[in-house]
Every structure is written in structure tokens, then in C-alpha cells.
Amino acid sequence: MINLPQTIPVLLLGTSLAVLSPQVCTAFTVQEVASLAKASSDLPVVKSAGLSPDMDVPWSKPVRIVDPFEGELVGVFDRNSLGGYLYRENSKQVISLWTPSSIRVLVTLNSDQASSSFYTAGRVYPRYDYQRFVTTKKVDKLLLKVRGKVFRLDSSTGTFAVSQELATALKNAPDENLDIRLLLEGGQTIDSEIGKETVKSWRKIY
């Protein structure tokens with residue numbers, strides 16, 4: 001007979017067992033592990049943990065991610081458009097993936113219009129050739145403000161580790177949009193927010 005400890009840093013998904021570092025995730029009790037495993041089997045399945053500006057996923061809802069390189073995990077995707085729709089000139093998108101062990105963030109700067117003109121019958125006519133351009137930016141720092149406390153996270157890859165303290169704060173965040181600040185490579189700052197529905201979904205992730 002093996003006696004299990006009161007809390008163990010594991011997350012059971014389906015038939016797989018994912019071991020997570022205790023420094024970067026919340027410790028789960030045996031009952032919580034079983035509950036998470038059952039809940040995850042009923043979630044929509046997403047086949048990649050990768051982020052892209054035109055990805056098609058259930059936004060702001062808990063999902064089960066089955067990634068060929070990262071294995072199985074639960075998470076919630078969030079997207080916030082700043083300055084208009086996806087390819088509007090100078091608009092921005094902040095896309096993020098929230099999992100028990102990490103936060104992954106992608107920022108895109110978008111544009112869609114290149115104009116030209118043509119000459120005929122003695123007159124110049126404008127012509128608009130629409131082309132889509134998306135430039136991604138690396139996020140070096142992520143700041144989150146939860147119930148008055150500011151969490152400052154650093155990363156060289158755009159993926160930020162979730163400590164037990166942060167996981168607890170996210171799980172208990174109020175039902176409202178949450179402010180975040182992104183410091184990009186090169187010094188640019190973008191203020192954005194996480195939508196209320198994503199915040200509610202954190203309770204099933206953390």
C-alpha cells in the first residue's frame with residue numbers, strides 16, 4: 001500500500017499523467033486531481049497550443065489541448081483587439097493562452113491597405129490594392145493587476161511561469177475585465193485587458 005501525500009503537484013488528463021514543477025503551479029489534492037481529470041474529458045479539444053493571429057479556437061472557454069509536441073493540458077485562450085478589427089491599419093491584437101503552469105502571450109501589429117493609382121483618358125484614378133500584413137512582437141514583461149496587487153513576470157520567450165501565488169490570485173479574481181500591461185522587445189508598452197469570461201474560466205484552470 002502506497003500512502004499518497006495530502007497534496008501532489010500533478011494534473012491528470014484523460015489517461016495521461018502530466019507532472020508539473022511545484023515552483024510554477026498550484027499543488028492539487030487527490031480529490032482535485034480526480035475532479036480535474038473528469039472535467040477535462042468533457043471539454044472541447046484544441047489540437048495545438050501554438051498562437052497565431054488567425055487561429056480558430058473557442059475563445060474565453062476552458063479547453064483540452066492535445067498538442068503533438070507538448071502533450072495534453074487544459075487551458076483557456078483569450079483575444080483582445082486594440083484599434084479595430086484584425087487587419088485594420090495600425091490595429092493590434094493581444095492573444096494569450098492560460099494554463100496551470102504558464103501564460104503564453106502573442107502581440108501582433110496589423111495593417112491592410114496599400115494604395116496606388118492609374119492613368120487613363122487624361123485622368124488619374126485612385127486604386128486601392130488591399131494587402132494584409134501582420135508583424136509579431138516578442139513580449140519581455142507581463143504585468144497583471146489582481147485585486148490591487150501587481151504581478152510582474154519576466155520572460156525571454158513570451159511564455160511566463162505561473163507561481164502558486166499567482167495561480168491562487170487568478171482563481172480568485174473578481175468577475176470583471178482584468179488589466180494587463182505588456183512590455184515588448186525594444187521598449188514599447190501596450191496596455192490591454194483580459195475579458196470577464198476568460199477571468200471566469202480561470203476558476204476551472206487554476
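**Leu 182 and its surroundings in a predicted model**

Let me begin with one residue, Leu 182, which is found in strand S14. Before I go further, please keep in mind that what we are looking at is a predicted model, and I will come back to the confidence of that prediction towards the end.

Is Leu 182 buried or exposed? With a relative accessible area of 0%, Leu 182 counts as buried, because the cut-off for that word is under 20%. If we leave aside the neighbours within four places in sequence, Leu 182 is in contact with Val 94, Val 105, Val 107, Val 139, Lys 141, Leu 142, Gln 188, Thr 189 and Ile 190. There is also a C-alpha distance to look at, since the C-alpha atoms of Leu 182 and Leu 143 are separated by 6.5 Å, although these two residues are 39 residues apart along the chain.

Now let us widen the view to the strand itself. Strand S14 covers residues 178-184, and its covered face is made of Leu 178, Ile 180, Leu 182 and Leu 184, whereas Asp 179, Arg 181 and Leu 183 make up the uncovered face. The general background here is that in a regular strand the side chains alternate between the two faces of the sheet.

Which strands does S14 pair with? One is strand S11, residues 139-146, which is joined to S14 by 5 bridges and runs antiparallel to S14; within that pairing, Val 139 has Leu 184 of S14 as its bridge partner. Another is strand S15, residues 189-194, which is joined to S14 by 6 bridges, again in an antiparallel arrangement, and here the bridge partner of Leu 183 is Thr 189 in S15. Strands S14 and S15 form a hairpin with 4 residues between the strands, and in that hairpin Gly 186 takes a positive phi near 100 degrees.

From the strands we can move to the nonpolar cores. The largest nonpolar core has 30 residues, and the members that touch the most other members are Ile 103, Leu 182 and Trp 202, so our starting residue appears here again, because the three named members include Leu 182. Apart from this core lies another one, of 13 residues, among them Ala 49, Trp 59, Leu 73 and Phe 77.

Trp 202 takes us to helix H3, residues 196-205, in which the buried residues are Thr 198, Val 199, Ser 201, Trp 202 and Ile 205. Why do we say that these residues are on the same side of H3? The reason is that they cover an arc of only 160 degrees around the axis. As for what covers the buried residues of H3, the list includes strands S6, S7 and S8, helix H2, and also S14 and S15.

Let me turn to the aromatic rings, where the structure holds 2 aromatic pairs. In one of them, Trp 59 and Phe 77 are arranged edge-to-face, at 6.5 Å centre to centre and with 85 degrees between the planes. Trp 59 lies in the loop between strand S5 and S6, while Phe 77 lies in strand S7, so this pair ties together parts that are 18 residues apart in sequence. Trp 59 and Phe 77 are both buried. In the other pair, the rings of Trp 98 and Trp 202 have their centres 4.7 Å apart and their planes at 50 degrees, which is why the pair is described as tilted. Because Trp 98 lies in strand S8 and Trp 202 in helix H3, this pair ties together parts that are 104 residues apart in sequence, and Trp 98 and Trp 202 are both buried as well.

Finally, a few words about the chain as a whole and about confidence. The secondary structure comes to 3 helices and 15 strands, and buried residues make up 39% of the 206 residues. Among the contacts with a separation of 6 or more, 49% are between residues 24 or more positions apart.

The chain averages a pLDDT of 79, and 65% of the residues score at least 70. Among the elements, helix H2, residues 164-171, has the highest mean pLDDT, at 98, and strand S3, residues 16-19, has the lowest, at 37. Over residues 2-26 the pLDDT is below 50, and beyond near neighbours in sequence this stretch has 51 contacts in the model.

Methods. Residues numbered from 1 in each chain as written. Predicted model: local features only at pLDDT ≥ 70, side-chain atom pairs only at ≥ 80, totals over all residues. Heavy atoms only, no water. Core = buried A, V, L, I, M, F, W, Y, C linked by side-chain atoms within 4.5 Å. Buried < 20%, exposed > 50% of the residue type's maximum accessible area, 1.4 Å probe, protein only. Contact = heavy atoms within 4.5 Å. pLDDT = per-residue confidence, 0-100. Helix = DSSP H or I, 4+ residues; strand = E, 2+ residues; numbered from the N terminus. Pairing = 2+ DSSP bridges. Arc of directions from axis to C-beta. Phe/Tyr/Trp six-rings, centres within 6.5 Å; stacked < 30°, edge-to-face > 60°.
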